[in-house]
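Colleague: Please take one part of this model and examine it closely. I should like to know where it sits, what it touches and how those neighbours are tied to the rest of the chain.

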Amino acid sequence: MRYRFSTPDGRPSRRISVAAVVVLTMLVATAPLVEIGTGTSTGAVGRMAEFLGHLWTTPDWTYLPQLGRRMLETVELALIATAVALVLSIPFALLAARTVSPHPAVFWCSRSVLSLIRALPELVWALVFVSAVGLGPLPGILALAVVTVGFMGKVFAESVEVVDSRAVEGVSAHGARRLQVFGFAILPQALPDLLGSTLYVLDHNVRAAAILGLVGAGGIGYDMVMAMRMFDYDRLLPIAGAIYLCVTLLDRASDRIRSRVIHG
């Protein structure tokens, strides 16, 4: 079936055609800025094919025990960072939720702090903490926890803002304090969103923890970068496969947990 535009002849209007030509011309004109050209692209394809050819080798089976320990360290790093961030995010969320924040100034300050935290990615925070506390898993945990607080604080705050206000008013009418209102009126309604966001963040943190080793912040990333620098191609495929397997298992587990909580 042929697509037709909403014009009398079914063809793109002159405005759409001109806009498409302008955008295409700009992309072609600016392509050299990102080193995209016939010569460079052809060379990159050749180098990529050569690199993939190196991966076609027998895995180093003696590396598997060390790989298991590194993956365990990576998962533990993500779990601890997520747990710490979960505890810190809830107070931030209550302060940053427009409907329950004690004062508009507190609301804006909390949102600004969360935005500031999210402005820098995990890798930059990892560089900061590696410089501050040295190499190892600790800077990785701190980097992941900080960024996760920025993300989860905002998501939790938005989940709290959309809860049914009648339940909050009903509990408050019985003289409940703020903590009781949160526990009996806000949390039960926001729990599915909170749980879904937490599991998604945990999934993301496992993948993020796998690359923090690039800057010496622990995890499987350190082995990956060393394998690439030492041309140990027989270790790259097991590392990539282990990361894929871990993330896939975590994704399946989070689906089951989320389904049980939401559907009972």
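Modeller: Helices here are DSSP runs of H or I with at least four residues, and strands are E runs of at least two, numbered from the N terminus. The model is predicted: local features need pLDDT of at least 70 and side-chain atom pairs 80 or more, while totals for chains, interfaces and linings use all residues. Residues are numbered from 1 along each chain as its sequence is written, and side-chain values use heavy atoms, without hydrogens or water.

I have chosen Val247, which belongs to helix α10. Val247 is buried, with a relative accessibility of 14% (buried is under 20%, exposed over 50%, partly exposed in between, with a 1.4 Å probe and protein chains only). Leaving out residues up to four places away in sequence, Val247 touches Asp203, Val206 and Arg207 (contact means heavy atoms within 4.5 Å). As a reference for distance, the C-alpha atoms of Val247 and Ala31 lie 35 Å apart, with their positions 216 residues apart in sequence.

Two of these neighbours are paired with each other. Asp203 and Arg207 form a salt bridge in which the closest N and O atoms are 2.7 Å apart (a Lys or Arg side-chain nitrogen within 4 Å of an Asp or Glu carboxyl oxygen). Both residues lie in helix α8, four residues apart, or about one turn of the helix. The two ends of the pair differ in exposure: Asp203 is buried at 9% relative accessibility, whereas Arg207 is partly exposed at 35%.

Elsewhere, salt bridges with shared partners join Arg70, Glu73 and Asp223 into one network. Within it, the closest N and O atoms of Arg70 and Asp223 are 3.1 Å apart. Arg70 is in helix α3 and Asp223 in helix α9 (residues 220-229), so this pair ties together parts 153 residues apart in sequence. Asp223 is buried, at 7% relative accessibility.

Helix α8, which holds Asp203 and Arg207, spans residues 178-212 and has 35 residues, yet its end C-alpha atoms are only 39 Å apart, short of the 51 Å of a straight helix (1.5 Å times one less than the number of residues). A kink of about 60° is found at Leu187 in α8, shortly before Pro188; the angle is taken between axes fitted to the seven residues ending there and the seven starting there.

Helix α10 also takes part in the largest nonpolar core. This core has 28 residues, and Leu67, Met71, Leu144, Ile220 and Ile243 have the most contacts inside it. Helices α3 (64-96), α5 (122-133), α6 (137-161), α8 and α10 (233-263) each give two or more residues to this core. Apart from it lies another core of 21 residues, including Phe156, Val168, Val181 and Ala185. Ile243, with neighbours within four places in sequence set aside, is in contact with Met71, Ala210, Ile220 and Met224.

Helix α10 has a further link through Arg235. The side chains of Arg235 and Asp60 meet in a salt bridge, at 3.4 Å from N to O. Asp60 lies in the loop between α2 (38-55) and α3, and the partners are 175 residues apart. Asp60 is buried at 16%, while Arg235 is partly exposed at 25%. In the whole structure, six salt bridges are found.

Notes: Core = buried A, V, L, I, M, F, W, Y, C linked by side-chain atoms within 4.5 Å.
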